[in-house]
Amino acid sequence: TDRMRSIALIAFLAQGICLGQGTFNVVHNYTLQQGWPNPSGGTGRSVLETDSGYIVFGHHVATAGLTKDFIYQFDGVGNWLSDFELNASDPSNQNFGYSDPLNKDGYGVIGAISSFDGANDSTSQIALIRVANDGSPLWQVSVTDSCLCGVKQARLTSSGKVLLAGYNDYMAMLLISDTLGEIDTLRSYANTWEALSVCSLNVGGYCFSGYQVTGVDNAILVMRLDSIGDVIWRPEIGASMPAGDNLSAIQTQ
């Protein structure tokens, strides 16, 4: 039987946080059924304000436990407008795990997704996606193919590059490409496990965060990188004690 869940779009929009139209809390029944029957377990991962409202990126659990990416569009007060499922015909997990991939640039919205076949993780792929302001996918281009890799966050730089934080062969990965998917830099870092966040720094280079595995525990991973991904510093944080996943890197003033 179908297990119908609900997805809540909760936006706290205040000056200095998000230039929205107000504060609202709207709950919608999760009914996305494009391509795969019996959906359940919807999870929103990223919300982005557009000219017409908001789009929400996430995934839901579909047939045989596989996950599929979706994009919802809402108006300025949280009313549902449209939904789109990405890669509905691809029998693999899409964007499994954490991800915050959506960014706005001068041409609309761009982000990144990853997919893998649970029977053969080495066939994983990372792709850039271009999305219209109504949430509809315009195009998708593969950045990497047939690797043990995945993307956890995508960020645009002021120079028009796309920063991808993730993992490659059980190591934290930094991938820098242009907005058409041409790779500039691809780096992996020894004695790490996975990168969950990356941001550009005003002084140049990047801040990189995630975690590394030390025995049965996870240690917080924070790294400052230069413009080509070389490590400038990498302090040891929580190496001798349990530490949670380091989910976000931002620059303070």
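Leu-180 counts as exposed because its relative accessibility of 58% is over the 50% cut-off, and in this predicted model the residue sits in the loop that runs between strand E14 (172-177) and strand E15 (183-189). Together with Leu-138 and Trp-139, Leu-180 makes a nonpolar surface patch of about 310 Å². The protein chain around this patch has 19 strands and zero helices, and 48% of its 253 residues are buried.

**Chain as a whole**

- The accessible surface of the protein chain comes to about 12100 Å², and carbon and sulfur atoms account for 52% of that surface.
- Among the contacts in the protein chain with a separation of 6 or more, 44% are made by residues 24 or more positions apart.

**The sheet E12-E13-E14-E15**

- Four strands form an open sheet in the order E12-E13-E14-E15, and their pairing is antiparallel.
- E12 and E15 are the edge strands of this sheet, since each of them pairs on one side only.
- On average, and with direction ignored, neighbouring strands of the sheet are turned by 20 degrees against each other.
- E14 and E15, the two strands that flank the loop holding Leu-180, run antiparallel and are joined by six bridges.
- Met-173 has Ser-188 of E15 standing opposite to it.

**Salt bridges**

- The structure holds five salt bridges, and the bullets that follow describe some of them.
- Arg-155 forms a salt bridge with Asp-100, in which the closest N and O atoms are 2.6 Å apart; the pair links distant parts of the chain, as Arg-155 lies in strand E12 (residues 149-156) while Asp-100 lies in the loop between strand E7 (93-94) and strand E8 (103-105), 55 residues apart.
- Arg-155 counts as partly exposed because its relative accessibility is 23%, and Asp-100 is likewise partly exposed, with a relative accessibility of 23%.
- Lys-152 forms a salt bridge with Glu-194, and here the closest N and O atoms are 3.5 Å apart; Lys-152 belongs to strand E12 and Glu-194 to strand E16 (residues 194-200), so this pair ties together parts that are 42 residues apart in sequence.
- Lys-152 is buried, because its relative accessible area of 8% falls under the 20% cut-off, and Glu-194 is also buried, with a relative accessible area of 9%.
- Arg-187 and Asp-230 meet through their side chains in a salt bridge of 2.9 Å, N to O; Arg-187 lies in strand E15 and Asp-230 in the loop between strand E18 (217-225) and strand E19 (231-233), so parts that are 43 residues apart in sequence are tied together by this pair.
- Arg-187 is partly exposed, with a relative accessible area of 27%, and Asp-230 counts as partly exposed at 30% relative accessibility.

**Strand E3: Val-47 and Thr-50**

- Val-47 is placed in strand E3 (residues 40-50), and this residue is exposed, because its relative accessible area is 53%.
- The C-alpha atoms of Val-47 and Ile-71 are separated by 9.6 Å, although the two residues are 24 residues apart along the chain.
- Thr-50 is also found in strand E3, but Thr-50 is buried, because its relative accessible area is 6%.
- With its neighbours within four places in sequence left aside, Thr-50 is in contact with Ile-55, Lys-104 and Asn-133.

**Strand E9: Ile-110**

- Ile-110 lies in strand E9 (residues 108-117) and counts as buried, because its relative accessibility is 1%.
- Leaving aside neighbours within four places in sequence, the residues in contact with Ile-110 include Pro-101, Leu-102, Asn-103 and Asp-105, as well as Leu-128, Ile-129 and Arg-130.
- The contacts of Ile-110 also include Leu-156, Thr-179 and Trp-139, and Trp-139 is one of the residues that make the nonpolar surface patch with Leu-180.
- Leu-128, one of the contacts of Ile-110, is 18 residues apart from it along the chain, and the C-alpha atoms of the two residues are separated by 7.2 Å.

Conventions
Residues numbered from 1 in each chain as written. Predicted model: local features only at pLDDT ≥ 70, side-chain atom pairs only at ≥ 80, totals over all residues. Heavy atoms only, no water. Patch = residues over 30% accessible without salt bridge, like charges linked within 9 Å, V, L, I, M, F, W, Y side chains within 5 Å. Areas by Shrake-Rupley, 256 points an atom, 1.4 Å probe, with all protein chains shown as cover. Salt bridge = Lys/Arg side-chain N within 4 Å of Asp/Glu carboxyl O. Buried < 20%, exposed > 50% of the residue type's maximum accessible area, 1.4 Å probe, protein only. Pairing = 2+ DSSP bridges. Axes fitted to C-alpha atoms, helices over the stretch in contact; angles between N-to-C directions. Contact = heavy atoms within 4.5 Å.
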